[in-house]
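User: I would like to go through this model step by step. Please show the sequence and structure, and then I shall ask my questions.

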Amino acid sequence: MTDQPWNLRESYTYDRNVIAEIRRAANTGIYRIRGWGAKRELPTLDDLVFLGASMSRYPLEGYREACGTDVTIGADTSENPVQLDIPITIAGMSFGSLSANAKEALGRGASAVGTSTTTGDGGMTPEERGHSTKLVYQYLPSRYGMNPDDLRKADAIEVVVGQGAKPGGGGMLMGQKITERVAEMRTLPEGIDQRSACRHPDWTGPDDLEIKIIELREITGHRVPVYVKVGAARPYYDTALAVKAGADAVVVDGMQGGTAATQDVFIEHVGIPTIAAIPEAVRALQDLDVHRGSVKLIAAGGIRSGADVGKALALGADAVSIGTAALIAIGDNDPKYEADYNALGTSAGYWEDFQAGNDPAGITTQDPELSARLDPVIGGRRLANYLKVLSVEAQTIARACGKSHVHNLEPEDLAALTVEAAAMAKVPIAGTSWIPGQG
Amino acid sequence: MTATTLDLSTSTLREVNGTLHAATDGSFTITHPRGAHALAAGIDAPIDVEIDGPVGYYCAGMHKTGTVLVKGNASTGLAENIMSGTVRITGNAMMSAGATGCGGLLVIEGNAGARCGISMKGVDIVVGGNVGHMSAFMGQAGNLVVLGDAAEDLGDSLYEVDIFVRGSVASLGSDCVEKEMRPEHVDTLTRLLAAAEMDADPADFTRYGSARELYNFHVDDIDAELAAGGAS
Ligand SMILES: Cc1cc2nc3c(=O)[nH]c(=O)nc-3n(C[C@H](O)[C@H](O)[C@H](O)COP(=O)(O)O)c2cc1C
């Protein structure tokens, strides 16, 4: 143990982050708005481990025996269901929050490995449509840029009710990023601090949503699936109501979920962690007899590795969705821009100001010079490589658990390392058969 | 040219909407709508559609180019996200009529419920009667004309919509203020009243718009002031 001088004893209650925030608030009189996701320690999928096969289970041979990774969404309702080759999708991130080059890189990377990207709170750009073979079009409370022509170009529609970083809160885009093009796409005055609506303008509860989904299907001729995205707060009820409303897929985004711009108080204090959200959403799907069937579950929020993917699937998700990790893969927080990060008072690996518009890596910006730093072709290759790794890692673990498809992973393949994780994930503490709350 | 009749008592919603989507021109009359939802939603051709009776939610949703005339009342979200063309209703429209509309003209001969023109983005809406509370909430662009009265919180958090009301306004929402009626506004109003075939004198209307006080966050910076030698 290092010797900590008493005159430098840090308060647990008032640590240096707390003190810095009190001072910042006192200086500015405005809440902290930032990007990224929750930074404090939370129960995560790291608190789970896989029980690989041994005497009582047979593993599959690593490279020889098939282990499927495909996912189909909307087979029962849509003329053109979404067919994904890997169970990892790119989450909704708007043009506006991201540069056109970043959107292109995401499209290129996802398309190269047969998965989808998603628009965001700002409409569909021709660039992202052009570079994404499978594009999910978000239908958000703000309806910025919403129009039937783009709706009909989409491969799926995602009705956004909420986001893990801010269940109950609306979108934000700070004035620095509301350039002429962004303003025009959103029909807003240039340079305003945009705060989007948090509730849909023309429906409120699940009964209304059911009719809204019928309308969207009518307008698009029942060709494409409809997803519903919720921030994880009450995932059992939200999932059940989304199914009742007619969703083909439910996207449940845990509180770790990334954001382009949200109040810090929201990011750190609203919602429940992904590990707690997935089992509850699964329980709703099981109760309605649609789990691993007609309605798919897409889990999001803090998914970083193939282990995370495998654990999310083992808990019952059909696919996952990634935001922050995809941005890191294409170049976010790249140490090569250390001097620029330092000039902003931070360092590569810590930078979180997606809202500020001055991203040294050229990703969360509308500044032409900064955006030019990101080569969309190279960024796309990096993302494709990263997605391949996630998929192969998940596959490797599934094989080790004796599964011929990643969807055959199940809670029985998992054990928990902490009491909290055991209670939330509803799997036993490692080395026991004890699940807290279940006898 | 005679209109094609589509009978919702013998055809499904999908068949009726499918016929309207496949059409490139012509006139259609829909009978027995009986409050059907999403009726005539997604029209994208210069066709004329008349609906004889009451409609449910999202009638003429995301409408483009053609005309839809509803002879009756409408439920929530009439002509939501309308892009262009005209939607007209002889009766009343419930909540969120013309919500997020991007263009075109929506005429409501009767009253409109709460949140008429919520988040409107360029549509022109003319209401012969009254509008409910929070109408034009977060409205971004376009015009809302009300020949009757407006309920509470009119134009709350408004961006660049012009609201014209002939009758009384129960209360204005945050950042919505009364504004001067300049000649260009009289011209706009005259044009919209004519387009809506409404008989009213533009001189009787008051204009409301955004005070633009909510456009940007107000951020203090005491430290910077002190560094610059000021602050009190
Ligand atoms: C830069 C950025 C922009 C985002 N924009 C949107 C958006 O427009 N709509 C939305 O539903 N979610 C948005 N999100 C949230 C993501 O869709 C997703 O839920 C989240 O990033 C998942 O968590 P992760 O970042 O830990 O992977 C955004 C996230 C980021 C990082």
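User: How many salt bridges are counted between chain B and chain A?

Analyst: This is a predicted model, in which local features need pLDDT of at least 70, side-chain atom pairs count only at pLDDT 80 or more, and totals for chains, interfaces and linings use all residues. Residues are numbered from 1 along each chain as its sequence is written, chains are lettered from A and ligands numbered from 1 in the order in which they are written, and side-chain values use heavy atoms, with hydrogens and water left out. A salt bridge is a side-chain nitrogen of Lys or Arg within 4 Å of a carboxyl oxygen of Asp or Glu. Between chain B and chain A, the count is five.

User: How far apart are the closest N and O atoms of B:Glu80 and A:Arg143?

Analyst: B:Glu80 and A:Arg143 form a salt bridge. The distance between their closest N and O atoms is 3.8 Å.

User: How many residues of chain A are in contact with chain B?

Analyst: Contact means heavy atoms within 4.5 Å. On the side of chain B, 40 residues take part. Their partners in chain A number 42.

User: Which residue has a polar side-chain atom 2.5 Å from an oxygen atom of the ligand?

Analyst: The shell around the ligand holds 24 residues, each with a heavy atom within 4 Å of the ligand. A polar backbone atom of A:Gly92 is 2.7 Å from an oxygen atom of the ligand. The side-chain atom at 2.5 Å belongs to A:Thr324.

Note on methods: Polar contact = N/O pair within 3.5 Å; in protein donor to acceptor, adjacent residues only side chain to side chain.
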